[in-house]
Amino acid sequence: MRIGILTSGGDCPGLNAAIRGVARAAYQTLDAEIVGIRAGYRGLIDGDYQVMQQSQFSGILTMGGTILGTSRTPFRDMRLVEEDNVDKVHAMKMNYRSMRLDCLVTLGGNGTHKTANLLSQEGLNVIGLPKTIDNDIYGTDFTFGFHTAVDIATDVIDRIHTTAASHNRVMVIEIMGNKAGWLTLYAGIAGGADVILLPEIPYDINKVARVVDERAKNKKYFTIIAVAEGALSVEETQMKRKEREALWEGDPFKSVAQRIAAQLTQITSAECRAVIPGHMQRGGSPCAYDRVLSTEFGVRAAQLIREGRFGLTVALKEGRISENKLEDVAGVPKPVDPNDQTVISARDINISFGD
Ligand code: F6P
């Protein structure tokens, strides 16, 4: 049994743990040979791969990043023949055959799943594993990488808390998540943020300012605001994307945290600062939860291979390892529902969503 593995899209903690889970279970329970495909779908298109030695999967459980490397090859370009004249889908199918693969395991987020589904529909035996710090893959309670990123972002908020309180400042912390606010929601609650701003709930800057003023009236002269990088004001949601981008283009404050800090400085009398931890949130060793989840996801992939079941992606459903059909989840977003129990709980402890 020759199993190809690739990691595609933005990296996250737990990729190596999942790769190891697939490999160890495959070596243990199947007569397996593992082919590591480099840099995501790029490696499958270019035929860039190596037959892995069992020893290469040793000592990687705790390692961040991915030993296979990754890249973003957008799904929308997969059927596009570009200047290099390469028919990418044809090339991937040809390389799958020339690598003599029996199946392909793809570790990735939404874009990766869309291409995995495409390849499955093209007749390849594909199994997906859901990773992303954004936790925005439909059909799974959690993706691996998410809990580690929550821990990192929470640690940032904790550290900001003490300096905010010492200086009586408003601190606006920008947390990753362009379309989905799960990471901001969880880290915001865990870090005791006063305001949480999500892409799914448009904010009114005056309502955010009111929180700052109310707290000052109650002799709390600092405020912690956790904002997702994709959060939008009510006015911005009413604009077309191009109009928004044009507006931001001339803005010296390129990031949402900087814009909000600048606006609050004008509206309130508070001293405001923006903090952008950025890719730190994706780096380093996975937390214990993600090590276990990644391992279990990887092992389930090997079990599915043993059972000859393909066209699936592994999932966590109500706490149990399970799977979904790739065609049912590929391209389906999983935004935070504004009526989600976690949002309601946050509101019940007086966290403002700026709405
Ligand atoms: O999908 C993971 C993620 O970290 C998002 O939260 C973020 O919007 C995006 O990737 C950043 O992408 P890049 O690493 O390409 O800058």
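Select Ile-3 first, in this predicted model, and then look across to strand β2, where Ile-34 stands opposite Ile-3. Now widen the selection to the two whole strands, β1 with residues 2–7 and β2 with residues 33–37, which run parallel and are joined by four bridges. As a general point to keep in mind while you look, strands of a sheet pair through backbone hydrogen bonds, and the pairing may be either parallel or antiparallel.

Next, show the whole sheet to which these strands belong: an open sheet of seven strands, which you can follow in the order β3-β2-β1-β4-β5-β10-β11, and whose pairing is mixed. Select β3 (49–51) and then β11 (320–325), and you will be at the edges of the sheet, where each of these strands has a single partner strand, so that one side of each is left without a neighbour in the sheet. If you turn the view, compare the directions of neighbouring strands, which are turned by 25° against each other on average, direction ignored.

Now leave the sheet and select helix α1 (residues 15–29) together with helix α11 (residues 288–307), which pack with their axes 7 Å apart and at an angle of about 40°. The two helices, α1 and α11, are therefore oblique to each other, and α1 passes α11 in a right-handed crossing.

To see where they meet, show side chains on both helices: the residues of α1 in this contact include Ala-18, Gly-21, Val-22 and Ala-25, while those of α11 include Ser-294, Gly-298, Val-299 and Ala-302. Colouring the contact of α1 with α11 by class will show eight nonpolar, five polar and three charged residues.

Methods: Residues numbered from 1 in each chain as written. Predicted model: local features only at pLDDT ≥ 70, side-chain atom pairs only at ≥ 80, totals over all residues. Heavy atoms only, no water. Pairing = 2+ DSSP bridges. Axes fitted to C-alpha atoms, helices over the stretch in contact; angles between N-to-C directions. Parallel < 35°, antiparallel > 145°, perpendicular 65-115°, else oblique. Left-handed = near helix turned anticlockwise from the far one by under 90°. Contact = heavy atoms within 4.5 Å. Nonpolar A, V, L, I, M, F, W, Y, C, P; charged D, E, K, R; others polar.
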